[in-house]
Amino acid sequence: MTEPRPPARFAIGNSSDIVTARQAARALSAHLGFGKAHQTRLATAVSELTRNVIQYAGEGSCLIEDLSDDQERVIRISIEDHGPGIPNLPLAMEDGFSTSGGLGAGLPGARRLVDDFHVSSAPGLTRVVIAIRKPA
Amino acid sequence: MRIPILRLDRILLVSIQEDLTDDEAMQFQSDLVNRVAEVEALGVAVDITALDVVDSYMARVINDTASMVRLLGAEVVICGIQPFVAMTLIEMGRDLIGADCAFNLEQGLEMLRARIVHRGDTRFTGDEDD
């Protein structure tokens, strides 16, 4: 197999950073042989989650890692911010719930687009880790 | 980057060719709504064939823009949503795109023409002399 790509970290601070991060996620998934539908799902999930960072915390980061091995192609993306945190996480994971006047599709929508989805949040640190996988 | 808005008689054509930032999407919305009012357009076709990501924000901008344009008095059709974009939008949540859609620009224009004729507006169809 090809050597895994080195991890890439992107600062998220304005709306063009959202575009940069989602394009990088798409480029890596294309490189690893994920199909168009997977590429689009991943890029869209990254777009939703990095926008949350800007909207709720102002700034943060997006780390894109290639964790592929001989058996599996895996992309893990960790999106972090040091904002106020998500006050009611179960509520925020419900469809249609939004504190910002959005469509409320961000978190629950992103969860449905990826294979792994983990979110932890407290004041000062919110981290969402997502991954997509396919057999090598 | 400004998205060019082409005018074909009383129809406006917009083709979004690049991945837009949120700010560019808002700029597009206000440019298009203003242009519709300025030329009193009867119909607008927005081609998004080239967009490979339509997230909930972009979906909302598209929906809002379509509603604004309809409020002014024009018909709107969104053309060329990619199959994988459609799949992703539906997986994320229903009703992210509420506007009328067509496979491509050509069908979108036919649809606009039919709508405009249906509402009895002869300015576009050129039947004034009847």
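**Group meeting: chain A overall, then the sheet in chain B**

Okay, let's start with charge: chain A carries 14 positive and 15 negative side chains, and the centres of those two sets sit 6 Å apart. Before I go on, keep in mind that this is a predicted model.

So what's chain A built from? We've got 4 helices and 5 strands. Walking along from the N terminus, the order reads β-α-α-β-β-α-α-β-β. The radius of gyration comes out at 14 Å, close to the 14 Å the globule rule gives for 136 residues, so chain A is as compact as a globular protein of that length. If you lay the C-alpha trace along its principal axes, chain A spans about 45 × 25 × 25 Å.

A few more numbers on chain A. Of its 136 residues, 46% count as buried. Take the contacts with a separation of 6 or more: 65% of them come from residues 24 or more positions apart. On the outside, chain A exposes about 6,200 Å², with carbon and sulfur atoms supplying 52% of that.

Right, over to chain B and its sheet. This one is an open sheet of 5 strands in the order 1-2-3-4-5, and the pairing is mixed. Strand 1 (5-8) and strand 5 (101-102) of chain B stand at the edges with a single partner strand each, so each has one side left without a neighbour in the sheet.

Let's look at the strand 1 end. Strand 1 of chain B runs antiparallel to strand 2, residues 11-15, and 4 bridges join them. If you want a pair to click on, Ile5(B) is opposite Val14(B) in strand 2.

Now move along the sheet. Strand 3 of chain B, residues 43-47, pairs with strand 4 in the parallel sense, over 5 bridges. One to find on screen there: Asp47(B) has Cys79(B) in strand 4 as its bridge partner.

And how covered is strand 4 of chain B, residues 75-79? Mostly covered: 5 of its 5 residues are buried. Remember that in a regular strand the side chains alternate between the two faces of the sheet. Here, Glu75(B), Val77(B) and Cys79(B) point one way from strand 4, while Val76(B) and Ile78(B) point the other way, and all of them are buried. That set takes in Glu75(B), in case anyone wants to pull up an acidic side chain that counts as buried.

That's my tour; happy to go back to any of it.

Technical notes: Residues numbered from 1 in each chain as written. Chains lettered and ligands numbered in written order. Predicted model: local features only at pLDDT ≥ 70, side-chain atom pairs only at ≥ 80, totals over all residues. Heavy atoms only, no water. Helix = DSSP H or I, 4+ residues; strand = E, 2+ residues; numbered from the N terminus. Rg over C-alpha atoms; globule rule 2.2 N^0.38 Å. Buried < 20%, exposed > 50% of the residue type's maximum accessible area, 1.4 Å probe, protein only. Contact = heavy atoms within 4.5 Å. Areas by Shrake-Rupley, 256 points an atom, 1.4 Å probe, with all protein chains shown as cover. Charge placed at Lys NZ, Arg CZ, Asp CG, Glu CD. Pairing = 2+ DSSP bridges.
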